[in-house]
Amino acid sequence: MKLLLVGAPGSGKGTQGKALASLYGVEHISSGEVLRVEVRAGTSLGREVAAFQRRGDLVPDQIVFDLVIPAVAAATAHGGYILDGFPRTVPQALQAADVARRLELTLDAAIYLNVPEPVLLERLLARARPDDTAEVIRHRLEVFAETTNPLIAYYRQQRGILVEVHGDQPQEVITAEIQARLADR
Ligand code: AP5
Ligand code: MG
């Protein structure tokens, strides 16, 4: 199983990523988490990453690809993956699709967790990660609207693999709905 989770900050990509990974027995790879691991390691690359994450800006593609692709390739050897947060823009998706064709790791589906903005704000303010201040959340939502919304259109129209689910429901209901929708395809 090779899935991508797409959605706004706080839409539940991480939450569903973990649940789906254990359901299908594959790895959950969160690009944000892979980047945060590098930040915690305190490397010079980590310091560079931290500056982007702190502001809620996207980390440059080269850094993201260098850190995330090895994890994706390793997971493929073990039956697949649930990607969370990568690809996140149309240019990343086009570049990733190129790499995927070469490594035979093309996506089965892209799942869009659609959650109303007031719910996103409420969830993130309650979680309070360092990039969960009101100001940075607002910026992350703008970045999402500008760069990730076109990605949703790309998977729906160009690739025909988008599965949209309503993400403001109990976690277990969402997981079951995704499972049912995938079984129907
Ligand atoms: P990333 O870590 O991906 O953050 P994000 O997209 O902003 O999303 P979050 O992780 O905050 O939310 P989520 O959708 O995973 O929701 P979660 O399950 O946690 O990226 C962080 C940064 O890294 C970016 O800003 C950027 O700088 C960089 N980055 C990452 N990927 C990149 C890329 N590809 N290219 C460039 N830069 C990149 O849930 C949120 C909260 O809601 C939790 O408290 C959870 O318990 C709760 N919740 C979840 N589901 C439900 C539910 N159904 N009902 C009620 N509460 C729920
Ligand atoms: Mg997350």
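A pocket is here an open set of grid points, on a 1 Å grid over the protein atoms alone, with protein on both sides within 12 Å along at least five of seven lines. In this predicted model, the largest pocket is the space that ligand 1 takes. The shell around the ligand comprises 30 residues, among which Thr-15, Ser-31, Asp-57, Arg-88 and Arg-140 come nearest to ligand 1. By residue class, the shell around ligand 1 divides into 13 polar, 9 nonpolar and 8 charged residues.

Several helices contribute to this shell: helix H1 (13-24), helix H2 (31-41), helix H6 (117-127) and helix H8 (171-184) each supply at least two of its residues. The largest share comes from H2, with 4 residues of the shell around ligand 1.

Polar contacts to oxygen atoms of ligand 1 were found for three further side chains. An N or O atom in the side chain of Arg-127 lies 2.7 Å from an oxygen atom of ligand 1, and for the side chain of Gln-53 the corresponding distance is 2.9 Å. In the case of Arg-129, a polar side-chain atom is placed 3.4 Å from a ligand oxygen, a value that falls within the 3.5 Å cut-off for a polar contact. Ligand 1 taken alone exposes 1,000 Å², of which the protein buries 86%.

Backbone geometry calls for comment at Ala-128, a residue other than glycine whose phi is positive, with a value near 60°. Ala-128 is located in the loop between H6 and helix H7 (134-158).

A search of the whole structure for aromatic pairs yields 2. In one of them, Phe-65 and Phe-86 are arranged edge-to-face, with a centre-to-centre distance of 5.0 Å and an angle of 80° between the planes; this angle is classed as edge-to-face because it is over 60 degrees. The two partners are 21 residues apart and the pair links distant parts of the chain, given that Phe-65 belongs to helix H4 (residues 61-76) and Phe-86 to the loop between strand E3 (81-84) and helix H5 (90-103). Phe-86 is also joined to Pro-87 by a cis peptide bond, for which omega is about -5°, and Pro-87 is likewise found in the loop between E3 and H5.

Methods: Residues numbered from 1 in each chain as written. Chains lettered and ligands numbered in written order. Predicted model: local features only at pLDDT ≥ 70, side-chain atom pairs only at ≥ 80, totals over all residues. Heavy atoms only, no water. Near = heavy atom within 4 Å. Polar contact = N/O pair within 3.5 Å; in protein donor to acceptor, adjacent residues only side chain to side chain. Areas by Shrake-Rupley, 256 points an atom, 1.4 Å probe, with all protein chains shown as cover. 1 Å grid on protein atoms, 1.4 Å probe; cavity = no way out; pocket = protein on both sides within 12 Å on 5 of 7 lines; lining within 4 Å. Sits in = over half its atoms within 2 Å of the grid points. Nonpolar A, V, L, I, M, F, W, Y, C, P; charged D, E, K, R; others polar. Phe/Tyr/Trp six-rings, centres within 6.5 Å; stacked < 30°, edge-to-face > 60°.
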